[in-house]
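Visitor: Could you walk me through this structure, starting with charged pairs?

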Amino acid sequence: MNKNHLILLTVLLLINSIALSQEGHFYLSHYEINELYADNKIKSIAFDNNSSVLLASRKGVAIFNGTSWNRVQNIPSNVLTVKSDSTSQIIYTGLKNEFGYIFTDTLGIYKYVQLKQSEGITDVFSQIIVTEEEVFFYSNKSIFIVNKKDLSNIKKLKNEAGVEYSGILIRKNNIYINVKNKGVCKLEDNSLILHKDGKKFKNTKILFYTTFNNVNTLIGTNDNKLYLFNGKIFKQFSSKTEVRNFLKENILWNGLDFSKEYFVLSTLTGGCVIIDKIYGKIKYNINYITGLPDDEIYAITIDKNNSLWIAHEYGLSSCDLNLNIKNYSSYPGIYGNINDVIIKEKSIYAASNNGVYILKEITNLKEKEIIVKEKAKYGYMFVPKMTYITQSLGYKFVPVINLTDKCKQLYEFEGKVLAISDFGLYEITDSLAQPLVKDIYINSLWAEKDTSVLYAASLKGIQLLSYTVDSVNNESTWGKTKLFENLAQSAYSIVQDNNGNIIFGTDGKAFFARKNSLLAYAQPVEIKFPKKVNEALNVQLLNGEVVFIQSAGIFIYNSKTNSADYKSKKDFALRNFRFIKSNTNTWVYEDNFWISVDSSQNIKNKKYLNLFNKIRKLYIDKDANTWLINGKKELIKILADTTNRNEYDFNVHISKVSDKLDSLYVFDNPVFEYKRNALKIELSAPFRLNPEETQYRFKVKGLPNYEKWSNWSKNPVIELSFIPPGSYTLIVGAKNILGQLSNDQILSFTILKPFWQTKTFYYIVGGGTLILLLLLFYLSRLRLKRKNKILEKKIRERTIELQEEKDKTEELLLNILPKETAEELKLNNKVVPRNYDIVTVLFTDFKGFTMVAEKLTPTELVNEIDYCFKEFDKIISKYRIEKIKTIGDAYMCAAGLPKEYKMNAGEAVKAAIDIRNFMLEYKERCEKENKTGFEIRIGLHSGKVVAGVVGIKKYAYDIWGDTVNIAARMESSGEPGKINISGYTYKLIKNKFNCTYRGKIEAKNKGEIDMYFVDSEK
C-alpha cells in the first residue's frame, strides 16, 4: 500500500467519523417501578399478548399495562424468570423448587398455577425455553419438559446422582446440555452423549444462547466469551478485537438476537452493547454515558415493536433504534444548560451558559502492520510494512477556545458562525472564537441583504455592525455604530422590510425608521397598537410582511397607517398563545403542534415533538432535520427521514369490567342485573413512549347521548351510570403520543330488565290481580260480617257501659238513699214522706273530741274519724240498719226503715255492742302506740219517726220526730264506753240482753227518763 492509499484510507475514516458524529445517540425512555409490586432488582422481563409488561422479582410478578400496576395473585415470592409464549395466552414462570404458568382469567385477573414442585431437592429454575411443542424448565440439578398441549404431561430428564448441569441450549430441535466437568452433551434417547467439540465447556457455564442467523447459534459463557455453534463446532466470536476488549472490561450476563444485522449483550458493569453480526463491531453503546441511569443490567428483552427493554437498579429503560430521534446531550463535554444549536458544514455547534461547544470525534493514531503489494524484478511481491491508522475513541463536545461567557444564540452569517454572548459578538472558526464586537449586550441580529452589515438589537438601542476586509493582509475588522442616538430604550428584535426600512421592538412598543440612503435612516416613529402591550415586542418578517408575535397573538404591520392589528383568528389561535423565537424564525404552538411562521420551514416527523415538554428552541438544518432543546436542556435531533417505520404495534384492550359495587364481570358479553346498571370499564393501551400521554375515547351503540365518539381523554376509566335495560355495544379506541390510532375494541353487554318489566312479572301481576279481586270480594263480605259483629259487640259493650254507669249511679244513689227510697225517686222523681211506728235510732259521739282534735293535725284527725266511721258502716250493714248521716264526730243511724220490721231494736243494740267493742279495742291499740284515741258514747231510743228526702240538689235522706231527739239525749246522757238506752227500748230488748238500770235521769228539755246500760247479749 502506497502513501496515496494511506491518505485515502485516513480520509475515508474521517468521513465515516464525521458521519457517525452526526448520528447522535438513540432516544431512551425511562420508567419508575411501583415499589408496592416489585423491588428494584428485576430478574426477568416478559410481555403478554396485550403488550403488558411482566416483571419477576423477589416480590413476585408485577404487571404494568401502561396505565396501572397490578400483581399476579397467589404466586410465591422470589420469582426467578418469566417467559412469554407467542402461541398461547400464558406466561411460564420459574421459581425456587417449583415452576408453573400465569394466565388471565375471564375477569381479567392474572393468576398463577403451579405445574410442578421439587421433592426433596433444592432446584432453582432460572431458565425457561419455549419451543413449538414443549417448554423446558431448567435448573442446575434437573430439567423438566412440559407438553404445551397437555400441561399435566410433565417429563423429567434422567439425571445421574451427583451430576450438575451448567447450561442448556436447543438448536433445530436438538437439545444440548452442558454437564459440569464433562462438557456439552447432546440428548439422545434420554441419554447425554458428549459432543465432539463440547469438552471446551466442561469448566464453563453457558449463560445464554440466542439465534444468530440461519446457520449459527450465539452462545455466551461466564468467562466473558462468545461462541458461534453450527451443530458441529463451537467457534469463538469474541476474538474480534472490539468485542474482545469490551468483554475483558465487563461481566457478561445476557444476550438476545436483535435483528438480522445486530445482536445485543447485557453486562453487570458496562451496560448494553449492540453488535454488528457481520463485522463484529459495536454499533451502539447503551450505558451511563449515553443516557442509561445505571450500567448494572439485571434483565433484557425485546417487545413486539423490536424495542429493547432494560432492567436496572433505577427501574426500566427502553429504546428503539428505528426511532427517528437522536439525543446529543448524552455526548460528554458540555457544561451548563444548552441554549441554542446550529449546524455548519456537518459540524454541530451548541451554545450553553459556559460558552460554545463543537461535537468532535476523539481519535488516536495506532501503528499497525499491513501487507503491501510491490513490483519486484520478476513480477510482484507482498512486503509487510508498518503504518499508522486513525483509531476512533468516541465523540465528545469540545469547548470553543476564547469563549467562556454565557452564549444564548448562534447565528450564521456569510458562511461564518456567530455567537451572541452576554458581553459581545464572536466569530467561530472551527474550534476558535474571535471577538468581533465587545461590551455590548445583544438580543438579536438582522443581516442586511447584499451588504456586509448586521443590525443588532441591544440593551443600548440599535447598533450597526459592519466589517471591512484588508485584501493585502487578508484580515477583516469590525466596527459598531449606534443608530438613533436619541433612542434610550432597549431593543429586543429588529427586521428590515422589502424597502430596507427598519422596524424594531422594545418594551411594550415598536418603532418604524425609514431608510433615506445607504446606512442612513430617519428618526424612528412609534407604531400604534390596538391595545397596550405589556411585553417585549418580537418582530419578524413573514413572506415579506412585517408581523409582531406576542403572547396575545399575531399582529400585522400596516405601513400606510403606521399601525398594527390582529391577524385573522382563523389563521392563529389567540387563546393560550405560545411561541418561541429561534434564530431568525418564530414557531407558534397551535392545535398541539409547532408551526413555523416562515412557511418555507416545515418540520418533518413533527409528531415526535409531542414527546418533549417545554420546547425552548427549534431549528431546521439544511438537510431538513429538526433540532430542539427541551425543558430538560437536552439537545435532540428529529431526522427528516420518513422511510423508517412510522407505525407501531399499538392496540387498546379492556382490562377490567365492573359494576357500581366493584363486582367483576367476564369480557365476553357480560350480563348485568338492573340494580347494578352503573358500569366501570378500565382500559389499557401499552405504549413505551410517554404512556401517561396516551388518550382514550369511546362510544356506545344503543345508548342515547353516547352514540358518537367521546372527546379524547387521558383517563383510562369509562364510567356509565344508570343504563336502561337493553343490549349495547361499547367501542373503545386509543391514541398514543405520536398520534397513532389503535384498533377499535368492542364489548357487547346486556342490562337485564327489572323484574317488574318481565313477562313473568306480568303473569304474576295478572294472576295476582284476579286472586286479589276474589280476595277483595271475600274480604268485603268477611269485613261486612266482621263489621256487624263489631257493631254488635260495640252495642253490647255500650250497653254494658251504660249498665255499669247506671249501676254506678244507682250505687251512688244507694249510698245517699235507702234502696226503696231510691227506687221511688227514680220512678216518681220525688219521695213521699213516710211515718214509721217503731224505729230504733242510734247515736254515737266521741267524748272530749275537741281536746283530742287539738292534739292531732287536721289530716290526722280526719283520718282517725274516717277510720272509725268506716268500721261503723261495716257493722250496721250486718244488722240491716240504715245510716242516716254524720255530723262532725256524731254518727246517726236507724233500724226499722225504710223497710219496717218490729225486731229492729234488738238489731240496733247488737250493732251498738259491736261498735262499743271495736272502740274499746281501738282505744287499747292507741294507748299501746302512745297515740291519743277516741272514747265513744252510744245512745239508743225507739219510737215513731217520719222519713223522707228533702231538697232537689244533693239529695239527703233524713228522719224527724221526737224519737230522734230522745235518742240524741240518750247519747249525751250516757258514759264513755257504755251503751245507754231508754226505758221504752229496754222493754223491747230485755229478754235478749243483760242491762243495768240507771234510774230516772234528767234529759235536757225532756225531763226525767228511765235509762239502762246494755251490758251484754244473753
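Visitor: Is Lys 344 buried or exposed?
Guide: This is a predicted model, in which local features need pLDDT (the predictor's confidence in each residue, from 0 to 100) of at least 70, side-chain atom pairs count only at pLDDT 80 or more, and totals for chains, interfaces and linings use all residues. Residues are numbered from 1 along each chain as its sequence is written, and side-chain values use heavy atoms, with hydrogens and water left out. Buried means under 20% relative accessible area, exposed over 50% and partly exposed in between, with a 1.4 Å probe and protein chains only. Since its relative accessible area is 11%, Lys 344 is buried.

Visitor: Which residue meets the side chain of Lys 344 in a salt bridge?
Guide: A salt bridge is a side-chain nitrogen of Lys or Arg within 4 Å of a carboxyl oxygen of Asp or Glu. The N to O distance here is 3.2 Å, and the partner of Lys 344 is Glu 345. With 66% relative accessibility, that exposed partner is Glu 345.

Visitor: How many residues apart in sequence are the parts that Arg 58 and Asp 39 tie together?
Guide: Arg 58 forms a salt bridge with Asp 39, their closest N and O atoms being 2.8 Å apart. Arg 58 lies in the loop between β4 (53–57) and β5 (60–64), and Asp 39 in the loop between β2 (28–31) and β3 (44–47), so the parts tied together are apart in sequence by 19 residues.

Visitor: What is the relative accessible area of Asp 39?
Guide: Arg 58 is partly exposed, at 46%. Asp 39, in contrast, is buried, with a relative accessible area of 10%.

Conventions. Helix = DSSP H or I, 4+ residues; strand = E, 2+ residues; numbered from the N terminus.
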